[in-house]
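Q: Hi, could you walk me through this model? I'd like to start with how the chains meet.

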Amino acid sequence: MAILTPQNEQEIRNVFGQLKDPVKLVVFSQSLAAADLCAQNEQLVREVAALSDKLGVEVLNLAIDRERAEGYGVDQVPAIVVEGARDYGIRFYGVPLGYEFSNLIDAILVASTGEPALAEATKTALAGLTSDVDIKVFSTPT
Amino acid sequence: MAVASERVRSTAIEATEFPELSRAYQVMAVPKVVINDRVQFEGALPEPEFLGAVLKASASDAER
């Protein structure tokens, strides 16, 4: 059974009309731990990716593809890496339903355009960062 | 912000799927944002305030 409704799909297709660069969605799954969640995550990502030919999906296994996981800094599953022209450091852990789903769509859009919707002052301030910033956002599906 | 700067990494975590992580970061209400494991806030912040939190977290690290 599909996760996205036809209405979801139409809304997302409209948003994806703004996509520019191709975006790769790298999904990390594992067959033992959290198998159901990983399967659901994969299905969701594939359904989303099917809505634009600029989107590609690569499914990797956390254990088998350990080097790729380490390269992305991924250590839990299910995980999604949203990669545009380069890896911008955007990660989703857990199936991104509810609140996180719109964040996933936004992440795909911004990774594709490479243009963050931030004020100039914010962009200037970020350009002046002298050390790394790790932002974790916790949310729930409801 | 992750797209705006190569130094920024952004990770969205579904709290109910990762209870240990949520416990480690004492997530009681969502959304909860944790920056560099040192600055945190709950709820949505307007962009200037969010930036303020990012700069504060970054400055603390730079001083070390």
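Q: How many residues of chain B are in contact with chain A?
A: Happy to help! Bear in mind that this is a predicted model. In it, 35 residues of chain B are in contact with 37 residues of chain A.

Q: Which element of chain B gives the most to that side?
A: That would be α2(B), with eight residues. The elements that each supply at least two residues are β1 (8-14), β2 (32-35) and α2 (47-62) of chain B.

Q: And what is that side of chain B made of, by class?
A: It has 21 nonpolar, seven polar and seven charged residues.

Q: Which strand of chain A pairs with β1(B)?
A: Strand β4 of chain A, residues 87-93, pairs with β1(B) in the parallel sense over four bridges. Within that pairing, A:F92 has B:A12 as its bridge partner.

Q: Switching to the core: which residues have the most contacts inside the largest nonpolar one?
A: The largest nonpolar core has 54 residues, and those with the most contacts inside it include A:L25, A:F28, A:A111 and B:I35.

Q: What does A:A111 touch, leaving out residues up to four places away in sequence?
A: Its contacts are A:V23, A:V82, A:E83, A:G84, A:Y88, A:I90 and, from chain B, B:V3.

Q: Now chain A overall. What's the order of its elements?
A: From the N terminus it runs α-β-α-β-α-β-β-α-α-β, which gives five helices and five strands.

Q: Why call chain A as compact as a globular protein of that length?
A: Because its radius of gyration is 15 Å, close to the 14 Å that the globule rule gives for 142 residues. Buried residues make up 37% of chain A.

Methods:
Residues are numbered from 1 along each chain as its sequence is written. Chains are lettered from A and ligands numbered from 1 in the order in which they are written. This is a predicted model: local features need pLDDT of at least 70, side-chain atom pairs count only at pLDDT 80 or more; totals for chains, interfaces and linings use all residues. A nonpolar core is a set of buried Ala, Val, Leu, Ile, Met, Phe, Trp, Tyr and Cys residues joined through C-beta atoms within 7 Å. A residue is buried if 20 or more other C-beta atoms lie within 10 Å of its own, exposed if 12 or fewer, and partly exposed in between; C-beta atoms are placed from the backbone. Two residues are in contact if their C-beta atoms, placed from the backbone, lie within 7 Å. Ala, Val, Leu, Ile, Met, Phe, Trp, Tyr, Cys and Pro count as nonpolar, Asp, Glu, Lys and Arg as charged, and the others, Gly among them, as polar. Two strands pair if DSSP finds at least two bridges between them. The radius of gyration is taken over C-alpha atoms; the globule rule is 2.2 Å times the number of residues to the power 0.38.
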